[in-house]
There are 2 protein chains.
Amino acid sequence: MAARHEEIAEELRRAIDDGEYAVGALLPAETGLAGRYGVSRGTVRQAVAALTAEGLIGSRQGARRVVLASRRSQSFEELRSFAQWARAMGRRASGLVVARERRRATAEDVARLQLRDDGEVLHVLRVRGLDGERVLVERTVYADWIAPAVERVEDDCESVTARLYQETGLVFAYGKHLIDAVSAGARDAELLGVRRTSPLLRVRRVTTTAAGRPVEWSDDRYRPDAVNFSVHNSIGSNPLARQAGPGFGG
Amino acid sequence: MAARHEEIAEELRRAIDDGEYAVGALLPAETGLAGRYGVSRGTVRQAVAALTAEGLIGSRQGARRVVLASRRSQSFEELRSFAQWARAMGRRASGLVVARERRRATAEDVARLQLRDDGEVLHVLRVRGLDGERVLVERTVYADWIAPAVERVEDDCESVTARLYQETGLVFAYGKHLIDAVSAGARDAELLGVRRTSPLLRVRRVTTTAAGRPVEWSDDRYRPDAVNFSVHNSIGSNPLARQAGPGFGG
DNA sequence: AGGGCGCACTTGTTCGAACAAGTAACCGGC
DNA sequence: GCCGGTTACTTGTTCGAACAAGTGCGCCCT
């Protein structure tokens with residue numbers, strides 16, 4: 001958080017959270033904020049652009065900016081890491097590796113992880129809990145070049161993300177998430193302690209480094225009574241997309 | 001699309017789509033693009049910032065930008081409007097109003113739609129189809145000030161969004177989406193032609209105008225074999241957030 | 001051959017300025 | 001009292017410039 005525009009964005013977020021600017025209220029004009037913080041108008045615009053992307057404030061040319069919401073979305077790190085997310089909410093996360101094995105990479109693995117040849121990948125099946133209650137089954141496939149570091153992580157490690165950063169300096173930078181719903185089935189029902197026909201919220205995701213190199217892909221199934229997802233969007237930036245399912249030949 | 005930086009962003013998107021810049025390839029430097037398009041570096045930065053937010057390209061200080069994906073996410077309008085989305089995919093959307101009635105606004109309606117008093121709201125239950133197959137049950141609550149325009153829309157109208165824009169000039173600008181999974185239940189099962197225990201993908205959303213005024217909120221339930229959702233995010237911008245479900249006292 | 005250093009290149013940050021375009025409030029005429 | 005135009009304010013767009021900070025490659029030395 002060295003950049004001045006990030007500092008200003010954070011101050012504005014706090015001001016909105018603290019109620020200094022209530023929902024529906026008007027933010028000061030750009031020139032006013034520039035004067036208050038002693039920066040140019042361009043720097044202020046970078047700050048408010050961040051809040052706009054987060055869905056906190058709305059803006060129209062000619063009119064003052066409006067506060068739309070008060071709570072900001074989670075940081076990327078909190079979304080990536082189940083443990084960090086739980087800690088930020090004041091809950092305790094647990095995790096246990098049920099199975100772990102190296103397998104020959106399938107065509108799907110090669111495509112999703114952009115592997116050169118079809119060498120080996122590392123499959124890990126984890127069950128994760130929130131305050132002792134099991135809420136998530138996680139099936140992750142790691143690329144070969146990160147697999148050794150993952151294998152050194154102990155089975156009941158709370159935060160794999162933090163462990164990998166400590167060991168290798170690896171930073172997750174981009175993610176793509178595909179969301180749908182499935183029935184639990186026999187295996188997941190047993191692991192989560194729910195009925196076989198219970199609906200689960202499935203998130204299939206691919207995570208890459210800042211250089212665009214895929215690190216892992218995962219099939220996560222959440223108990224929908226315990227966890228759900230929210231997305232903000234606007235005319236200016238729309239990261240959420242609807243897709244025709246495979247059953248429809250999309 | 002008057003702004004030069006938007007034109008440049010669109011040209012870059014097309015170039016990536018057409019394979020001029022393949023996935024994994026390096027984009028030209030900012031100064032190079034600035035020269036090619038005859039604009040300043042700042043304008044190029046606005047263009048590439050848009051693509052970065054869309055998850056198409058990645059960027060790190062000091063290194064050239066990398067192409068991460070080739071297909072861009074849908075526009076806000078396509079997400080908002082089921083009909084426009086279907087048309088963009090070359091499919092035919094249908095829609096039928098099953099029930100429509102004015103009701104006294106509940107406390108939830110007042111909160112979500114930021115109504116002043118607890119007057120009347122308009123409830124509409126629609127079933128929507130893709131190429132004749134029923135895929136979505138939509139329960140929408142409209143604010144009182146837009147209800148008259150909605151009531152003038154015919155029951156089998158394909159695109160309510162387009163109709164409301166024609167009639168009132170109303171533009172939807174911001175959306176918040178809460179995603180989880182539920183079992184169909186007797187009513188939805190009958191409407192969609194699936195089994196009572198089938199999992200459905202539920203999206204509860206609130207849409208507002210550019211001025212931050214809520215227009216509608218809706219409970220949409222999709223057949224997960226027909227439709228699912230994808231989200232892009234990064235360290236820089238993260239619109240996706242995980243939330244503890246109500247069953248956990250979140 | 002291998003490792004370390006330095007340099008050229010690239011992105012990130014910030015400033016100041018100017019004009020275009022849209023909004024909202026005020027004011028005057030009917 | 002209501003309607004419409006004028007006007008001050010605000011956001012959007014774009015330029016040019018300068019410096020900071022990080023990357024990656026080649027070169028040199030060992």
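# DNA strand D and a few ring pairs

Visitor: Which helices each supply at least two residues of the surface near DNA strand D?
Guide: This is a predicted model, by the way. Both chain A and chain B have helices on that list. Those that each supply at least two residues are helix H3 (41–53) of chain A, together with helix H1 (4–17) and helix H3 (41–53) of chain B.

Visitor: And which helix gives the most to that surface near DNA strand D?
Guide: Chain B is the place to look here. With three residues, the top contributor is H3(B).

Visitor: How many residues surround DNA strand D, and which are the closest?
Guide: The count around DNA strand D is 25 residues. Sugar and phosphate make up 69% of the strand D atoms that come within 4 Å of the protein. As for the closest residues, they are A:Glu30, A:Arg41, B:Arg4, B:Ser40 and B:Thr43.

Visitor: How many charged residues does the surface near DNA strand D have?
Guide: Sort that surface by class and you get six nonpolar and ten polar residues. Asp, Glu, Lys and Arg count as charged. That class has nine residues.

Visitor: Which side chain has an N or O atom 3.1 Å from a base nitrogen of DNA strand D?
Guide: Let's set the phosphate contacts aside first: a polar backbone atom of B:Ser40 is 2.8 Å from a phosphate oxygen of strand D, and a side-chain N or O atom of B:Arg60 is 3.3 Å from a phosphate oxygen. The base nitrogen contact, at 3.1 Å, goes to the side chain of B:Gln61.

Visitor: Why is the pair of A:Phe82 and A:Trp85 tilted?
Guide: The search over all chains turns up four aromatic pairs. The ring centres of A:Phe82 and A:Trp85 are 5.5 Å apart, and the pair counts as tilted because its planes are at 55 degrees. Both residues are buried and lie in helix H5 (residues 82–88) of chain A, three residues apart. What settles the tilted label is that plane angle, 55 degrees.

Visitor: What kind of pair do A:Tyr222 and A:Phe229 make?
Guide: A:Tyr222 and A:Phe229 are both buried. Their ring centres are 5.2 Å apart with planes at 80 degrees, and an angle over 60 is the cut-off that matters. So the pair is edge-to-face.

Visitor: How far is the charged end of B:Arg213 from the ring centre of B:Trp145?
Guide: Chain B has another arginine over a ring, with B:Arg112 lying over the face of B:Trp217 at 4.6 Å from the ring centre. The charged end of B:Arg213 sits over the ring of B:Trp145, and its distance from the centre is 4.2 Å.

Note on methods. Residues are numbered from 1 along each chain as its sequence is written. Chains are lettered from A and ligands numbered from 1 in the order in which they are written. This is a predicted model: local features need pLDDT of at least 70, side-chain atom pairs count only at pLDDT 80 or more; totals for chains, interfaces and linings use all residues. Side-chain values use heavy atoms; hydrogens and water are left out. A residue is near a molecule or strand if one of its heavy atoms lies within 4 Å of it. A polar contact is a pair of N or O atoms within 3.5 Å; within protein, one must be able to donate a hydrogen and the other to accept it, and residues adjacent in sequence count only if both atoms are side-chain atoms. Helices (H or I, at least four residues) and strands (E, at least two) are DSSP runs, numbered from the N terminus. Rings of Phe, Tyr and Trp (its six-membered ring) pair if their centres lie within 6.5 Å; planes under 30 degrees apart count as stacked, over 60 as edge-to-face and the rest as tilted. Buried means under 20% relative accessible area, exposed over 50%, partly exposed in between (1.4 Å probe, protein chains only). A charge sits over a ring if NZ of Lys or CZ of Arg is within 6 Å of the ring centre and within 35 degrees of the ring normal.
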